Amino acid sequence: MLTLDEWPDEWPDEWQDKLQDQRIAILGFGREGQAAYHWLKARLADCRLQLFAETAPESAMLGQLAPADVLHVGSLDDAKLAAFDVLLRSPGISPYRPALQRAKAAGVRILSPSTLWFVDHPEARTICVTGTKGKSTTSALIAHMLRACGMRVQLAGNIGTALLACENKDIDWWVIELSSYQLCDLQGRPELGLLLNLSPEHLNWHGGVENYMHDKLRLAELTARGGLIVNAADPLLHEKFASDDDIHWFNESSGIWLDGLQFMDGERQLDVTMPVNMPGKHNRSNVAAALTAVRRAGFDLKTAIASLAIFQSLPHRLQVIGQKEGVSWINDSISSTPVATAAALEALSGRSIILLIGGLDRGLDWATYLPDFMAHSPKALIAMPDNGPSVAKKLQQLGLSCSSGQYEVQNLDEAVLLAEQLATKGDTVLLSPGAPSFPRFVDFQHRGLEFARLAGF
């Protein structure tokens, strides 16, 4: 597991001077890599940067480079990486990769763009949100509620704008979504940290379940004392923090919790109307988390609750994209884990579901979630590559029975066509893959947009 590096704590107020004379390379030239490039160019006079991209960037990105900069395209080369003082790691590139581990052993500093932002904003008031599921929705809810309370808010990080691309410093509160990719080596001090839930994900990237859990829980290490907010309903989190007397819990009877569908604040009922298009217990839990964070930030619950009426739910998250011939079509492309697919089935309980699953195979055990599938068994299951067929077979062996059968297809095009053939009036076609979108799609947004296009919406 990675350990906390104290280097930024030693930087003086003129810490940029410390970077000025360093040999710096940026690893990855996507959204965060580009933001880091422009940020460094704006702050370090006449700096020459080298960039490493494993696939060739688009021509528009290449046009951003200064003549003196050097772009390396292809696999990361140990010898080249070891020649630098600092490697600025984009989130998609795992620091557990052997090339980076060898560079670190050779004395190279490996930093993340998020770390640079925290060093550059020591006085910023921050609410950092992580979890296996629900972090984008919860972050957006918090930002929305704080704006309703009259605050100037920037939503950034894994959602919205990359931190280093945020130029506006006239901000009261920063709401920052952090993925495990960003947390694994982050150095910073969030004022409030929010842990939503914890279940295995991204195991290949992290090198195993132990590293993944440790990296997610880094938020607890980093958050200022007294600022950690945790979901008491999550078994792993409850076990981890049960003996800690400095935790602010939600989904626990002393805080904001759910009595069935009723929101409670201790023993007092809260008059909460959920936003439209946000069904399911998981979304109610997200609202409870957001309300807890807003209260810990010092704001009035009444104003925050009232603002829910105009909150716009995020796309690709149980998004109703249309209806035709009495059949509803729902895009839940954000679903990249079996726990997310199980939550989608629960949220749509009582409907006749034709479920589309499958994507990148990360070796997760779907059998753990069999009770959820049995309780909300879909009418039909359509399995897409890569892991869909093996998952469907495993669930069938364990006793899952779909009244209209289980099917294997070669791609999303065939899945949508088959769903149209199977669906009858009153059915719901649900894309909730339970697996990542790559390499067949750029990202989950691309997958969701393709689903909508193929379905004719």
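The following exchange examines how several descriptions of this predicted model are justified.

User: What makes S285 count as buried?

Analyst: The relative accessible area of S285 is 14%. Buried means under 20%, so S285 is called buried.

User: Where is S285 found, and which residues does S285 touch beyond those up to four places away in sequence?

Analyst: S285 belongs to helix α12, which covers residues 281–296. Beyond the residues up to four places away in sequence, S285 touches N231, F250, N251 and L258.

User: Why are α7 and α12 called oblique to each other?

Analyst: Helix α7, residues 135–148, packs with α12 at an angle of about 45°. Angles under 35 degrees would count as roughly parallel, and 65 to 115 as roughly perpendicular. The angle of about 45° belongs to neither range, nor is it over 145, the cut-off for roughly antiparallel; the pair is therefore oblique. The two axes are 9 Å apart, and the crossing is right-handed.

User: Which residues make the contact between α7 and α12?

Analyst: On α7 they are T137, T138, L141, I142, M145 and L146. On α12 they are N283, N286, V287, A289, A290, L291, A293 and V294. By class, this contact has 10 nonpolar and 4 polar residues, with no charged ones.

User: How do you know that the buried residues of α5 line one face of the helix?

Analyst: Helix α5 spans residues 98–105, and its buried residues are A99, L100 and A103. Viewed down the axis of α5, these buried residues fall within an arc of 95°, so they line one face of the helix. In general, an α-helix has 3.6 residues a turn, so residues three or four places apart point the same way.

User: What covers the buried residues of α5, and which residue just after α5 takes a positive phi?

Analyst: The cover includes the strands β1 (24–27), β4 (86–89) and β5 (109–111), together with helix α4 (78–81). Just after α5, G107 takes a positive phi of about 100°.

User: Is H316 buried or exposed, and why?

Analyst: H316 has a relative accessible area of 6%. Since under 20% means buried, H316 is classed as buried.

User: Where does H316 lie, and with which residues is H316 in contact, leaving aside neighbours within four places in sequence?

Analyst: H316 lies in the loop between α13 (301–307) and β15 (319–324). With those neighbours left aside, H316 is in contact with N331, D332, S333, I334, F444, Q445, G448 and L449.

Terms used
Residues numbered from 1 in each chain as written. Predicted model: local features only at pLDDT ≥ 70, side-chain atom pairs only at ≥ 80, totals over all residues. Heavy atoms only, no water. Helix = DSSP H or I, 4+ residues; strand = E, 2+ residues; numbered from the N terminus. Buried < 20%, exposed > 50% of the residue type's maximum accessible area, 1.4 Å probe, protein only. Contact = heavy atoms within 4.5 Å. Axes fitted to C-alpha atoms, helices over the stretch in contact; angles between N-to-C directions. Left-handed = near helix turned anticlockwise from the far one by under 90°. Nonpolar A, V, L, I, M, F, W, Y, C, P; charged D, E, K, R; others polar. Arc of directions from axis to C-beta.
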